[in-house]
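Reader: I'd like a close look at one part of this model, with the rest brought in only where it helps. Could you walk me through it?

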Amino acid sequence: MSGGERRVRTLYDQTPRFAQRRVHPSHAEDAVADAYLVAWRRLDHVSHRPGDART
């Protein structure tokens with residue numbers, strides 16, 4: 001697994017629960033997918049320090 005993949009997986013672990021608390025449960029999966037598409041494309045802009053990158 002590459003460093004980028006590892007970072008995205010770490011961020012992803014927090015996101016589904018976060019999204020479900022903020023949008024209707026039927027929309028949470030789409031919201032997470034859209035957010036991670038952007039995060040993957042902009043991964044170089046996401047902080048490398050644990051705890052700095054928040055959902």
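Which exposed residues does the face of α3 turned away from its buried side carry?

Author: That face carries Asp34 and Arg41, both exposed. Keep in mind that this is a predicted model, so let's start with the confidence. Among the elements of the protein chain, α3 has the highest mean pLDDT, 84, while α1 has the lowest, 75. For the protein chain overall the mean is 77, with 85% of the residues at 70 or more.

Now the helix itself. α3 runs over 25–41 and has 17 residues. From its first C-alpha to its last it reaches 25 Å, close to the 24 Å you'd expect at 1.5 Å a residue.

Next, the buried side. Ala28, Val32, Tyr36 and Ala39 are the ones buried in α3. They sit on the same side of the helix because the arc they cover around the axis is only 60°. The buried residues of α3 pack against α1 and α2. Asp34 and Arg41, by contrast, are on the face turned away from that buried side.

What does the buried side belong to? The largest nonpolar core is made up of nine residues: Val8, Leu11, Ala19, Ala28, Val32, Tyr36, Ala39, Leu43 and Val46. Two helices, α1 (3–12) and α3, each supply at least two of them. The largest share, four residues, comes from α3.

Seen from the partner helix, the picture goes like this. In α1 the buried residues are Gly4, Arg7, Val8 and Leu11. They too lie on one and the same side of their helix, since they cover an arc of only 95° around the axis. The cover over the buried residues of α1 includes α2 (15–22) and α3.

As for α2, take Arg17, which lies in that helix. Arg17 is exposed, at a relative accessible area of 51%, and the cut-off for calling a residue exposed is over 50%. Measuring tape out, so to speak: Arg17 and Ala28 are 11 residues apart in sequence, and their C-alpha atoms are 8.7 Å apart in space. Ala28, you'll recall, is one of the buried residues of α3.

Zooming out to the setting of α3, the protein chain has three helices and zero strands, in the order α-α-α along the sequence. Of its 55 residues, 24% are buried. The accessible surface comes to about 4600 Å², and carbon and sulfur atoms account for 51% of that.

So, back to your helix: one side of α3 holds Ala28, Val32, Tyr36 and Ala39, grouped together because their arc is only 60°. The face turned away from it has the exposed Asp34 and Arg41.

Key
Residues numbered from 1 in each chain as written. Predicted model: local features only at pLDDT ≥ 70, side-chain atom pairs only at ≥ 80, totals over all residues. Heavy atoms only, no water. Core = buried A, V, L, I, M, F, W, Y, C linked by side-chain atoms within 4.5 Å. Buried < 20%, exposed > 50% of the residue type's maximum accessible area, 1.4 Å probe, protein only. Arc of directions from axis to C-beta. Contact = heavy atoms within 4.5 Å. Areas by Shrake-Rupley, 256 points an atom, 1.4 Å probe, with all protein chains shown as cover. pLDDT = per-residue confidence, 0-100. Expected span 1.5 Å × (residues − 1).
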